[in-house]
Amino acid sequence: MIELVIPWIIAFVEWGFLAFFLLLTATTLGLNLVAAVTIVRYLDRHTAVGNRQRESFGGFLPPISILVPAYNEESTIASSVHSLLQLNYPEFEIIVINDGSKDGTVQAAISAFGLQPFGEIHRKTLPTKEVVEVYRSMKFPNLRFIDKKNGGKADALNAGINASNYALFCGIDADSVLQSDSLLRCVQPFLEDAATICSGGTIRIANGCQVEGGFLVSTGLPRNPLALAQVVEYLRAFLFGRLAWSPMNALLVVSGAFGLFHRDTVVQAGGYSTGTIGEDMELVMRLHRQMLSAGREYRIVYIPDPICWTEAPESLKVLGSQRVRWQRGLAESLWRHRWFLFRPGTRFIGWFSYPFLLLFELFEPLIEVGGLVFFVACSFWGSISWASTALYLLLVVVLGFLQTVNAIFLEEVSFRQFKSIRHVLKLLLAAVVENFGYRQLNTWWRLKGLVLWLSGRKQVWGNMVRKGVPTG
C-alpha cells in the first residue's frame, strides 16, 4: 500500500514545485511588462517637460527637513553633511540625530560645523529616548544637531520629526550620497498630486564610484565580487520591483536610505515603530492601512531618477547579517499587517503586492531550499530522474538571470548611469555568475532570517564596516 502511495505523493510535490515556479515566472513577466511601460511613460513626461515644470514652480517648491540618523559615524559625518549642504534646492534644513554614538561622532560634528549648544524647546509629538543636547551651527543656519540617548534608528528619526519645521521630511542614511538634484526630483509627485503622502527614489551602490566635494562625479563598478553582485541585485529590486508596483499604488517598500514623507500624515500614523527591525517598510504599510481604513485618496510613489548612492558591504559576515536582518524585518512587517491579505477594499495591495511579498519574498527561500533538498533526495533514491532535478535548478537560474537582464535593459534605455560598454558587459557577466554561489548564499541568509523570526529570537542591527567611497 505504501509503495503505491509514495509515487503519488512525490508526483504531487513535484507538480507543486513546478506550479510555484510557473506562477512566479508568469507574475515576474507581468511585472516586467508593467515596469517597462511605466518607465517609458515616465521618461516621456519627465525629461524636457519635467525640467520645464521644475523651472515653472520656482519659488513655490515646498521646504524640506532632511533627517540624518547617525550612530558611530565619526569618520563620515563631516563629509556626508557637507554634501547635503550643497544640494540644489531652494529651502531645506538638515537635522542630524546622534543616537547615542560610542565614538567621536559628536566631537567630529562640533569641530566641522562650529556647533554650539542651543536651548531649543521643540514639540515632543512622538515619544523618544531622552534628548541630551541640541546644537546649532554657527557656520550654517539651516543645520542642527540633536544628541540623544540610544534608542535605535526609528527612535532617532522620530526625534528628528519632532524637531522638524517643515511639512515634508526626507530621511536618509548618514553614509549616503545624494545626487544634487535628488530633492528637486523627489518632490515632483507632491507638486503634481496633492494626495501624495510619500515618494521614494532609487538606491545605487557607490562602491567603485568617484566622489568629489560630497557629490558623485563618475560612476564605476566595484572590483569586489560581493559588491558587484549587489549592483545587479539593486538594479533588479528597484527598476523591476518598485517601478512595477508604483502605478498600482501598491508599493509597500520605500527605502529608509532615501524617502520623502508628508510629516503630519506620518505623525498621525504614530511615526516610526521602534518595535521592528524593518521600520521603513513597516511605516509604509501602516500608512497604506491608515489611508485605506479612513477611505482617503492618497498616493505612495516610486520615482526612478532621484538617486541616492550608498556603500555596500564587501564581506560575507557583514552582508549576511544585513540580509538576515532584512528578511526578519520583512517577516515582522508582513505579519503585523496581515490585515491586508485578500481583504475587500484593499485594492491591488491586498490582492497582489501583499500576496506577492508573502509567497515570493518571505517564503520563497523556504520553498527553494525545500525543493532542492526534495529533488536531490528523490534523485538519490531513484524516485525522480536527475533530469528533473536539473530542470528544477535550471528554472531557478534562468528566472533570476532574466529578471536581472531586464533590469539592466531598463537601466540602459532610460538613465544610463553606466555609459561604458565595458561596464554593461561586466554587469551582464555578473548577472550570470551571481547564480552560482551568491544567490544560494542569499537564499540561505533569507531562510535564516525567516527561521529566526519564527523562533522569536531577538535580532540586533550589528555594525556596518565601511571603507568609504573614493573622494577626489
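**Helix contacts, cavities and a pocket**

Q: What makes helices H12 and H13 count as being in contact?
A: In this predicted model, Leu359, Phe360, Glu361 and Leu362 of H12 meet Glu364, Pro365 and Ile367 of H13. Contact here means heavy atoms within 4.5 Å.

Q: How do the residues of the H12 and H13 contact divide by class?
A: There are five nonpolar, no polar and two charged residues. Glu counts as charged, and the contact includes Glu361 and Glu364.

Q: What is the packing of H12 and H13 called, by its angle?
A: The angle is about 40°, and the axes are 5 Å apart. Roughly parallel needs an angle under 35 degrees, and roughly perpendicular starts at 65. The angle of about 40° falls between these, so the packing is oblique.

Q: Why are H8 and H11 called roughly parallel?
A: H8 (residues 225–245) and H11 pack at about 30°. The cut-off is under 35 degrees. The pair is therefore roughly parallel. Their axes lie 11 Å apart.

Q: Which hand does the crossing of H8 and H11 have?
A: The crossing of H8 and H11 is left-handed.

Q: Which residues of H8 and H11 meet?
A: H8 brings Leu226, Gln230, Glu233 and Tyr234. H11 brings Leu316, Leu319, Gln322, Arg323 and Trp326. By class, this contact has five nonpolar, two polar and two charged residues.

Q: How do H11 and H12 cross?
A: H11 (residues 316–336) and H12 (residues 347–362) have axes that come within 11 Å. They cross at roughly 145°. The crossing is left-handed. From H11, the contact uses Gln327, Leu330, Ala331, Leu334 and Trp335. From H12, Tyr354, Leu357, Leu358, Glu361 and Leu362 take part.

Q: What makes one residue in the contact of H11 with H12 count as charged?
A: The contact has eight nonpolar, one polar and one charged residues. Asp, Glu, Lys and Arg count as charged. Glu361 of H12 belongs to the contact, so Glu361 is the charged residue.

Q: How do you know where empty space is left?
A: Rolling a probe the size of a water molecule over the atoms shows it.

Q: How many cavities of 30 Å³ or more are there?
A: The count is two. The largest holds about 70 Å³ of space, and the second largest has a volume of about 30 Å³.

Q: What lines the largest cavity?
A: The lining is Leu157, Gly171, Val254, Ser255, Gly256, Phe258, Gly259, Phe261, Tyr272 and Asp280. Strand E11 (residues 258–262) gives the largest share, three residues.

Q: What makes Gly171 count as polar in the lining of the largest cavity?
A: Gly is placed among the polar residues, so Gly171 counts as polar. By class, this lining has five nonpolar, four polar and one charged residues.

Q: What lines the second largest cavity?
A: Ile77, Val81, Val96, Ala109, Phe113, Leu115, Leu143 and Phe145 do. Helix H3 (77–85), helix H4 (105–113) and strand E5 (143–148) each give two or more residues.

Q: How does the lining of the second largest cavity divide by class?
A: The lining has eight nonpolar, no polar and no charged residues. Ile, Val, Ala, Phe and Leu count as nonpolar, so every residue listed for this lining fits that class.

Q: How much space lies in the second largest pocket, and what lines it?
A: The space is about 500 Å³. The lining has 19 residues. Thr38, Tyr42, Arg45, Pro247 and Arg299 lie nearest the centre of the pocket.

Q: Which element gives the most to the lining of the second largest pocket?
A: H1 does, with seven residues. Helix H1 (2–46), helix H7 (188–192) and strand E12 (299–310) each supply at least two. By class, the lining divides into 11 nonpolar, four polar and four charged residues.

Methods
Residues are numbered from 1 along each chain as its sequence is written. This is a predicted model: local features need pLDDT of at least 70, side-chain atom pairs count only at pLDDT 80 or more; totals for chains, interfaces and linings use all residues. Side-chain values use heavy atoms; hydrogens and water are left out. Axes are lines fitted to C-alpha atoms, for helices over the stretch in contact, and angles run from 0 to 180 degrees between N-to-C directions. Helices (H or I, at least four residues) and strands (E, at least two) are DSSP runs, numbered from the N terminus. A crossing is left-handed if the near helix is turned anticlockwise from the far one by less than a right angle, and right-handed if clockwise. Angles under 35 degrees count as roughly parallel, over 145 as roughly antiparallel, 65 to 115 as roughly perpendicular and the rest as oblique. On a 1 Å grid over the protein atoms alone, a cavity is a set of points where a 1.4 Å probe fits but cannot get out, and a pocket is an open set with protein on both sides within 12 Å along at least five of seven lines; lining residues have an atom within 4 Å of a point. Grid points are joined across faces, edges and corners, and a volume is the space filled by probe spheres set on the points.
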